[in-house]
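Please look over the model below before reading my notes. They deal with a sheet, a helix and a pocket.

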Amino acid sequence: MPSQRESPPTAAASAAAAALARVARARAKLTGPEAARMGIRAGGAKAAPETVGEGYPLYAIAAADVVRTKALSAAKLVAWRYAVLRAGEAAGVLEMRRA
């Protein structure tokens with residue numbers, strides 16, 4: 001069975017925060033119809049900044065392993081997920097996988 005005490009990669013949280021900053025800069029450049037299509041208020045009040053919550057591991061398992069009742073021992077760590085928060089509320093999920 002995989003350890004339940006896995007630690008996220010050391011630079012993952014800072015990489016996630018940097019990715020959110022790039023998204024925020026790109027949103028700020030959108031105007032008019034393209035912003036409206038994406039549900040972004042152009043030129044209006046700025047949205048609250050997004051932050052990254054604590055990471056949690058994501059495991060996967062093949063259906064064949066579940067059938068063979070090897071579910072927990074065959075599970076593999078495949079990614080880390082982070083809650084994206086805006087003004088303290090869940091706004092999305094950011095998933096980080098190894099390249």
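The numbered points below take the sheet and helix before the pocket.

1. Basis. This is a predicted model: local features need pLDDT of at least 70, side-chain atom pairs count only at pLDDT 80 or more, and totals for chains, interfaces and linings use all residues. Residues are numbered from 1 along each chain as its sequence is written, and side-chain values use heavy atoms, without hydrogens and water.

2. Sheet. Three strands (DSSP E runs of at least two residues, numbered from the N terminus) make an open, antiparallel sheet in the order β1-β2-β3. β1 (50–60) and β3 (89–96) are the edges; each has a single partner strand, so one side of each lacks a neighbour in the sheet. Neighbouring strands are turned by 25° against each other on average, direction ignored.

3. Pairing. Strands pair if DSSP finds at least two bridges between them. Nine bridges join the antiparallel β1 and β2. P57 stands opposite W80 in β2.

4. Helix. α1 (residues 12–29) lies across β1, β2 and β3. Its direction is about 125° to β1 (axes fitted to C-alpha atoms, for helices over the stretch in contact; angles from 0 to 180 degrees between N-to-C directions). Contact means heavy atoms within 4.5 Å.

5. Pocket. The second largest pocket holds about 270 Å³ of space. On a 1 Å grid, a pocket is an open set of points where a 1.4 Å probe fits, with protein on both sides within 12 Å along at least five of seven lines; lining residues have an atom within 4 Å of a point. Strand β2 (residues 76–86) gives the largest share of this lining, four residues. W80 is one of the lining residues, as are E6 and R98. The lining divides into seven nonpolar, one polar and three charged residues.

Methods
Points joined across faces, edges and corners; volume = space filled by probe spheres on them. Nonpolar A, V, L, I, M, F, W, Y, C, P; charged D, E, K, R; others polar.
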